[in-house]
Structure formats: C-alpha cells, structure tokens
Amino acid sequence: MGYKVAVVGATGAVGHELLTTLAERNFPADEVVALASERSAGQQVSYGEDTVLKVQNLETFDFKGTDIALFSPGAKISAVHAPRAAKAGTIVIDNTSQFRMDHDVPLIVPEVNPQAIAGYTKRNIIANPNCSTIQMVVALKPLHDRFKIKRVVVSTYQSVSGGGKEAMDELFNQTRGIYVNDAITKEVFTKQIAFNVIPHIDMFMDDGSTKEEWKMRVETKKILDPAIEVFATCVRVPVFIGHAEAITIETEKPIDENEARAILQKAPGITVVDHRANEGYVTPQESAGEDAVYISRIRKDPTVKNGLAFWCVSDNLCKGAALNTVQIAETLIEMHLRKAA
C-alpha cells in the first residue's frame, strides 16, 4: 500500500532535500504533494530525476486524505498548520523547533529511540531534532549503551546552511565582496561570516548560553537519557554545508578507545574514518551529500577518569534534517502504519 505524502516548505533548502531523499529512497508514496506559501504557489520543484511537482498553496490546502506530512516551513508556520494537518488525520513529522520540547510530542532519531515513535498518537505530531543534536546523539547512543555516559562537552562548527538560503547567500556575497573590495553588508549574521567564526547561533538566554546550546542539552536529555549532562558551545563557521563537532564524553564505566572504536564501527548510521595520518579524518566538505555520521580522531581523554574524545561530522541538510525526517516516516510505517493496514 502506498501513501499520500505532503512536503511543506517544498521550495526551501530542506524541502528540496526532503523531495530528493523521498525519491532516492523509493519511499512508498503513491502521491507526493509540494506545499509552500502563497507567493511560491505555482512554482515547480523536482521530485526525483523525472518528476516535476507544481507547488500548491499551504494556506488553502485540505490535508484530509493525506497520510503523512513532512514539515519544514519555519516554526511559526508549523505552529499554525501542523495542528491543522494533524486534526485532519495526517501524521505530521515536523523539522522545526516548534514542538520538540512538548511533553506529548515524541522527539525522534531512528537509530537512537525508535520505540518513542509510538507517542505520535497523542497529537499526530512527531518532532525532528535540531541538526547539531541529531548527529551527536547518533554517535553517543552506542557508547552510552556500553559505557553509560555521564557528561558531554561539545564545541560545534556549524555551516551557514543551518541558517537557510539567505545565510548561504550572505557568506557567498561577503566572500566575493572581500576579493573585489566591495563593502561588507550584514543581514543574517551579527558579524561578518566570511573568513571569520561567530560564537553565536540563535538568541542569548539569561545564563549566557545561546538557544542553540540549550537545544543540544535539553534535546539530548529527551532523546537519549535525562541523566546525561551536556555543555555546548555552538559556533557558526564559513562553510556552506556540513556541521562538525568536537565531542568529549565522561562515562561511568571504564572506557577503552579501541573498544569504543569497534562499537562505533558496528553502529547504524555511523562511518568511522580514523587514521592517525594526513587526510585520515573527515571534514564537512567531504560529508556534503552523504547520509552517514562520520567519526574521526577517537582518543582517550586523560584529564578525567573515564574520558573519550572524538570528531563528528555530518551533512546538516541531509542527516541533520531531510534524511532523519524521512527515516522517521519509514520507521513509523514499519512499526505502526503497516501493522494497521
């Protein structure tokens, strides 16, 4: 049995990736509908290599009869239209921040907590985590199962695509402007992003953390284990696609780097590239367009009793957004919808 699937925010960067991912993974869809704002209605978007979809107006779209809707239109728009879709009987998988910390909405990374998908029945909504959280918890899960992680300290190096097309355009225009001696303009970022790094993603909170750093902490607790303590420093870097993270963990049980490496090599969704030589690691540039979470630079942290450090890289538009969303839909079908069919 095939499904009717709506992609909301189809003209955006993540929407494009959602459509591409659905096609590449041969998702069991009999019909795919592309939705976006009124100003985008009538545009055409690609679905796979041979199919072109005409974008329909989200405001007037009737979700009745739509089985699954993949949302990535921005939190404010999801806040209005995701409940509307859910009320019509559509199961919403939302890629925005709107519902992530709602206690009655499951927050899912299929390699980590697929069993929690069962909670979708409370509101017909499933949340997709923040991109930086997704790749980290994929890496933490197999290590937590074996060694029980107590504490995580992470510094992120996040590409500008996490801020959308406008952020990518700003990096491009500033870089070009520097070479031709044009004035630098800032519209998306608080400071110049070209040839710079900015330790500021999302708004500042009362304790001095940014909301991006807060997200990594609270989402990890919700997805993996509420007992894990997380301290994050999130930094925007002048890279177009791909987030990198330097992660240090402290565990309750003694941890051996060779055993940890072997565990990570067998874990779903992870590719270990860890050679102590030139080019023996993965960078964001190499992760672009790839599905995997890449782990490199695995080594013992001697400053704590049971410590391990590693480098974690992933395409934030792929696994950090579109791929994880589609994997949630696949898991939903496998664990719940197919049984009811």
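**Exercise 1. Place N124, then decide: buried or exposed?**

Solution.
- Step 1: N124 sits in the loop between β7 (91-94) and β8 (125-127). The model is a predicted one.
- Step 2: Check the backbone. Phi of N124 is positive, about 65°, although N124 is not a glycine.
- Step 3: Take the relative accessible area of N124, 16%. Buried means under 20%.
- Result: N124 is therefore buried.

**Exercise 2. Do the like for F195: where is it, and is it buried or exposed?**

Solution.
- Step 1: F195 belongs to the loop between α4 (165-180) and α5.
- Step 2: F195 has a positive phi, near 55°, and is a residue other than glycine.
- Step 3: The relative accessible area of F195 is 54%. Exposed means over 50%.
- Result: F195 is therefore exposed.

**Exercise 3. Give the strand order of the open sheet of six strands, and name its edge strands.**

Solution.
- Step 1: Read across the sheet. The order is β10-β9-β11-β14-β13-β12.
- Step 2: The pairing is mixed.
- Step 3: Find the strands that pair on one side only. These are β10 (229-236) and β12 (270-272), the edge strands.
- Step 4: Add the twist. From one strand to the next it averages 20°.

**Exercise 4. In which sense do β9 and β11 pair, and over how many bridges?**

Solution.
- Step 1: Locate the strands. β9 covers residues 149-158, and β11 covers residues 243-251.
- Step 2: Their pairing is antiparallel, over eight bridges.
- Step 3: Pick out one position. R151 stands opposite E250 in β11.

**Exercise 5. Which strands do helices α5 and α6 meet?**

Solution.
- Step 1: Start with α5 (residues 211-223). Helix α5 lies across β9, β10 and β11. Its direction is at about 145° to β10.
- Step 2: Turn to α6 (residues 257-266). Helix α6 packs on the sheet and touches β12, β13 (293-300) and β14 (307-314). The directions of α6 and β13 make about 170°.

**Exercise 6. Describe how α3 packs against α6.**

Solution.
- Step 1: Choose the values. Two packed helices are described by the angle between their axes and the distance between the axes.
- Step 2: For α3 (residues 131-147) and α6, the angle is about 125° and the axes are 9 Å apart.
- Step 3: Classify the angle. α3 is therefore oblique to α6.
- Step 4: Add the hand. The crossing of α3 past α6 is right-handed.
- Step 5: List the contacts. A139, P142, L143, R146 and F147 in α3 meet E259, A260, I263 and L264 in α6.
- Step 6: Sort the contact by class. The contact has seven nonpolar, no polar and two charged residues.

Terms used: Residues numbered from 1 in each chain as written. Predicted model: local features only at pLDDT ≥ 70, side-chain atom pairs only at ≥ 80, totals over all residues. Heavy atoms only, no water. Pairing = 2+ DSSP bridges. Helix = DSSP H or I, 4+ residues; strand = E, 2+ residues; numbered from the N terminus. Axes fitted to C-alpha atoms, helices over the stretch in contact; angles between N-to-C directions. Contact = heavy atoms within 4.5 Å. Parallel < 35°, antiparallel > 145°, perpendicular 65-115°, else oblique. Left-handed = near helix turned anticlockwise from the far one by under 90°. Nonpolar A, V, L, I, M, F, W, Y, C, P; charged D, E, K, R; others polar. Buried < 20%, exposed > 50% of the residue type's maximum accessible area, 1.4 Å probe, protein only.
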